[in-house]
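Biologist: I would like a close look at a single part of this model, set in the context of the chain that holds it. Please take me through that part slowly, and then through whatever surrounds it.

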Amino acid sequence: MTHASLHAATPPGIHADVEEILLTQDQIQARVAQLGAQLTADYAGRDPVLISVLKGSIVFLADLVRGVQLPLSIDIMEVSSYGAATESSGQVRILKDLSHPIEGRDVVVVEDIIDTGLTLNYLLRYLREKGPASLRICCLLDKPARRLTEIEIDYVGFTIPDRFVVGYGLDYGERYRNLPYVGVLRPSVYGLDPPEA
Amino acid sequence: MALLSEAPPPRFAHDSEAELARVLDFYQVSWRYEPDVFPITWSPSGAVVESFAPDFYLPELDLYVELTTLRQSLVRRKNRKLRLLRQLYPGVRIKLLYARDFQALMVKYGRVDVLLDMNGVNGSNRTNGMNGNGAEHR
């Protein structure tokens, strides 16, 4: 049985596993265009490199760079996740490193969502050791309620409430990345009742 | 500093604390378990009546983390202690993770099995009353 078949009463246009659309496709497109314009202004005369952290941010990156009217480079990194670790005593690892040096470059890390900030905290330490001229963060979604680390985010698309969201690159169990909107996943999908209020 | 796997781990009072320690280890964030005790109420004679020992201190982030997997309806007492701590020690940065926060963290990492293993995250499986040893782990 698929998840979709469990929720026959879902409104049309919304995935059956999504209980609410938090950000529509139009809202996302408009805000991403604004961020692109902001980067264009802030990095005028420079040649920044935008680093996308797989996998969640690729959709955001693809739309964002098309709104940046500057010569720029793109690089891709992938960092292992706690949940995917097979050893209980494992540690975060770089699964896909930078393809080109960033020493002396103006770097913008492009993230889909920042919640605890633990992954980004690790990544920023790693990138700083590479000697970039500058290092800034651009994220689509900021979920500050969950933050454990103190990270200054330079460009934020949306600040969102403390709910589990999928779509526009964000997944649960590798699904839902292709949804054009950001929606709240039904707790029943991950096998839990809604949290007690 | 040592990795959790390399140093004798403290005796955690709850499985959720051990799991959070593993998450911090994974992301190479050093931590100490219950290293400090903050007095929060005193008797008229000046004796400490009540104190608060946050579960974790993250030295690199200068942040205390208190993890409570009690049901929300039962956390009023802890909220009161936290409020007092913040009033008395305004320079201390502390983050309280409620049951719903821990649940969301496990869902994010696809570790719903951890929640199920904890018998519904009801906070009833505190295994002992041991305090932490204050040793730093990384």
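**A helix of chain B and its setting**

Modeller: In this predicted model, residues 24 or more positions apart along the sequence account for 63% of those contacts in chain B that have a separation of 6 or more. Chain B has 138 residues, of which 36% count as buried, and its secondary structure comprises 4 helices and 7 strands. Read along the sequence, these elements follow the pattern α-β-β-β-β-β-α-β-α-α-β, and the part I would single out is the helix that opens this pattern, α1(B).

Helix α1 of chain B covers residues 15–26, which makes 12 residues, and from its first C-alpha to its last it reaches 17 Å, a span close to the 16 Å expected at 1.5 Å a residue. The helix is mostly covered, with 9 of its 12 residues buried; here a residue counts as buried if 20 or more other C-beta atoms lie within 10 Å of its own. The buried residues of α1(B) include Leu20(B), Ala21(B), Val23(B), Leu24(B) and Phe26(B), but the list also takes in Ser16(B), Glu17(B), Glu19(B) and Asp25(B). As a general point, an α-helix has 3.6 residues a turn, so residues three or four places apart point the same way. After the helix comes Gln28(B), whose phi is positive, near 60°.

Elsewhere in chain B, strand β2 (residues 38–42) and strand β3 (residues 48–52) run antiparallel and are joined by 4 bridges. Within this pairing, Pro39(B) of β2(B) stands opposite Ser51(B) in β3(B). The two strands form a hairpin with 5 residues between them, and in this hairpin Gly46(B) takes a positive phi near 95°.

Chain B also touches chain A, in a contact that takes 24 residues from chain B and 26 residues from chain A. By class, the side of chain A that touches chain B has 11 nonpolar, 11 polar and 4 charged residues.

Chain A, for its part, has an open sheet of 3 strands in the order β1-β9-β8, with antiparallel pairing. The edge strands of this sheet are β1 (18–23) and β8 (165–166) of chain A, each of which pairs on one side only. Strand β1(A) is joined by 4 bridges to β9 (residues 182–185) of chain A, the two running antiparallel, and Val18(A) stands opposite Leu185(A) in β9(A).

Terms used. Residues numbered from 1 in each chain as written. Chains lettered and ligands numbered in written order. Predicted model: local features only at pLDDT ≥ 70, side-chain atom pairs only at ≥ 80, totals over all residues. Pairing = 2+ DSSP bridges. Contact = placed C-beta atoms within 7 Å. Nonpolar A, V, L, I, M, F, W, Y, C, P; charged D, E, K, R; others polar. Expected span 1.5 Å × (residues − 1).
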